[in-house]
Amino acid sequence: MVRLIATDMDGTLLNSNHEIPKDFKETIEALKERDIMFAISTGRNYLDIVYKFDDYKEELLFICENGTAIYHKNECIYSKFLEKGTIEELVNIGRRVDDAYPMLCGTKGLYLEDDKALELLNIHFPMNVPVIKVDSLLDVEDGIFKVNMFDLDNAETNSYSIFKNENIENVTLTPSGKYWLDMSSKGTNKGVAIKKVQDMFNISYDETMVFGDHLNDLEMMKSAYHSYAMKNGHEDVKEVANFETKYTNEECGVTKTIKEEVINKKELAIQ
């Protein structure tokens with residue numbers, strides 16, 4: 001029996017217009033009736049996503065910043081910040097990467113130091129989290145979950161290829177979509193965060209279902225027996241997942257799969 005379902009957002013739960021499936025509300029209500037916990041598992045900041053779920057935020061659990069923060073009932077119940085020295089090392093390397101800009105993801109918002117990056121971010125990735133322009137990222141006073149590279153070339157082939165050759169200790173490097181490289185404390189990822197949630201609520205691997213599409217979902221695929229790579233997902237994710245959805249994110253693949261594999265099957269079992 002499934003007791004926990006966790007899904008990535010972009011390319012997974014949301015369509016290309018960043019919209020929640022129209023049947024999301026009825027899906028959440030059906031899961032609530034069955035006492036099944038539902039989690040949003042994303043690389044994004046909590047402040048940037050929670051507004052999308054205003055009607056359900058008391059019902060949902062949020063795994064944010066690729067597993068470095070977990071929120072439940074609007075309270076942060078787990079966090080893992082980067083050390084100051086590590087932030088300085090990452091920022092200094094990031095400043096030297098062509099066509100890419102370092103950013104800090106903190107509890108109060110996102111921080112960047114380049115005017116062009118701010119302009120491009122507002123045009124292409126408007127966010128609901130405060131985006132704060134600073135003179136130097138090294139002077140920011142906030143708890144920092146991760147350093148991001150906003151990469152206008154391709155994060156996987158540009159920023160990631162540079163950082164992985166730097167042999168930086170105590171850091172996890174995670175390409176997250178085409179334009180983002182996420183860098184957080186070693187040993188933090190979505191899979192580790194799922195395990196923490198399982199331990200907190202006494203839920204097993206076999207009772208967990210997860211959905212993802214990109215490389216920052218790889219570890220999450222290993223945290224659940226019912227692991228689903230999206231039909232539109234990265235080939236590496238499909239290789240790791242136990243299952244693949246029949247539908248893409250544009251076809252409401254997450255909610256359709258939940259209905260077919262959990263809600264409807266459970267109703268038949270009860271009858």
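Start by selecting Thr42, which sits in the loop between β2 and α3 (46–49). Keep in mind as you click around that this is a predicted model. Is Thr42 buried or exposed? Thr42 counts as buried, because its relative accessibility is 1% and the cut-off for buried is under 20%. Now show what surrounds this residue: leaving out residues up to four places away in sequence, Thr42 touches Asp8, Met9, Ile49, Ile63, Cys64, Glu65, Asn66 and Lys190.

**Next stop: helix α7**

One of those contacts, Lys190, leads us onward. Select residues 190–201 to highlight helix α7, which has 12 residues. From its first C-alpha to its last, α7 reaches 17 Å, close to the 16 Å expected at 1.5 Å a residue.

Colour Lys190, Gly191, Ala193, Ile194, Val197 and Gln198, the buried residues of α7. Turn your view to look down the axis of α7: the buried residues fall within an arc of 160°, so they line one face of the helix. Here is a handy rule for any α-helix: there are 3.6 residues a turn, so residues three or four places apart point the same way.

What covers the buried residues of α7? Show β1 (4–7), β2 (37–41), β3 (60–64) and β4 (69–72), which are among the covering elements. Then add β12 (208–212) and α8 (218–221), which are included in the cover too.

Now zoom in on the two ends. At the start of α7, a side-chain oxygen of Asn189 comes within 2.9 Å of the backbone nitrogen of Gly191. Just after α7, select Asn202, which takes a positive phi of about 55°.

**A jump to Thr172**

From Asn202, travel to Thr172: the two are 30 residues apart in sequence and 27 Å apart in space, C-alpha to C-alpha. Thr172 belongs to strand β10 (residues 171–175). With a relative accessible area of 13%, Thr172 is buried.

Which residues is Thr172 in contact with, leaving aside neighbours within four places in sequence? Select Asp182, Met183, Ser184, Ser185, Lys186, Gly187 and Thr188 to see them. Look in particular at Ser185, whose backbone oxygen lies 3.5 Å from a polar atom of the Thr172 side chain.

**Empty spaces**

A search of the whole structure finds one cavity of 30 Å³ or more, and the largest cavity has a volume of about 30 Å³. To find the largest cavity, select its lining: Asn66, Thr174, Ser184, Thr188, Asn189, Lys190, Asn216 and Glu219. You have met several of these already: Asn66 and Lys190 touch Thr42, while Ser184 and Thr188 are in contact with Thr172.

Then turn on a surface and look for the largest pocket, which has a volume of about 830 Å³. Its lining is made up of 36 residues, and Asp10, His18, Arg44, Phe125 and Trp180 lie nearest its centre. The elements giving two or more residues to this lining are α1 (9–13), β6 (100–106), β9 (144–151) and β11 (180–185).

**Last stop: helix α2**

Finish with helix α2 (residues 24–33), where Phe24, Thr27, Ile28, Ala30 and Leu31 are buried. Look down the axis of α2, and the buried residues fall within an arc of 160°, so they line one face of the helix. Which exposed residues does the face turned away from the buried side of α2 carry? Select Lys32 and Glu33 to see them. Just after α2 comes Asp35, with a positive phi of about 60°.

Notes:
Residues are numbered from 1 along each chain as its sequence is written. This is a predicted model: local features need pLDDT of at least 70, side-chain atom pairs count only at pLDDT 80 or more; totals for chains, interfaces and linings use all residues. Side-chain values use heavy atoms; hydrogens and water are left out. Helices (H or I, at least four residues) and strands (E, at least two) are DSSP runs, numbered from the N terminus. The expected span of a helix is 1.5 Å times one less than its number of residues. Buried means under 20% relative accessible area, exposed over 50%, partly exposed in between (1.4 Å probe, protein chains only). The arc is that of the directions from the helix axis to the C-beta atoms. Contact means heavy atoms within 4.5 Å. A polar contact is a pair of N or O atoms within 3.5 Å; within protein, one must be able to donate a hydrogen and the other to accept it, and residues adjacent in sequence count only if both atoms are side-chain atoms. On a 1 Å grid over the protein atoms alone, a cavity is a set of points where a 1.4 Å probe fits but cannot get out, and a pocket is an open set with protein on both sides within 12 Å along at least five of seven lines; lining residues have an atom within 4 Å of a point. Grid points are joined across faces, edges and corners, and a volume is the space filled by probe spheres set on the points.
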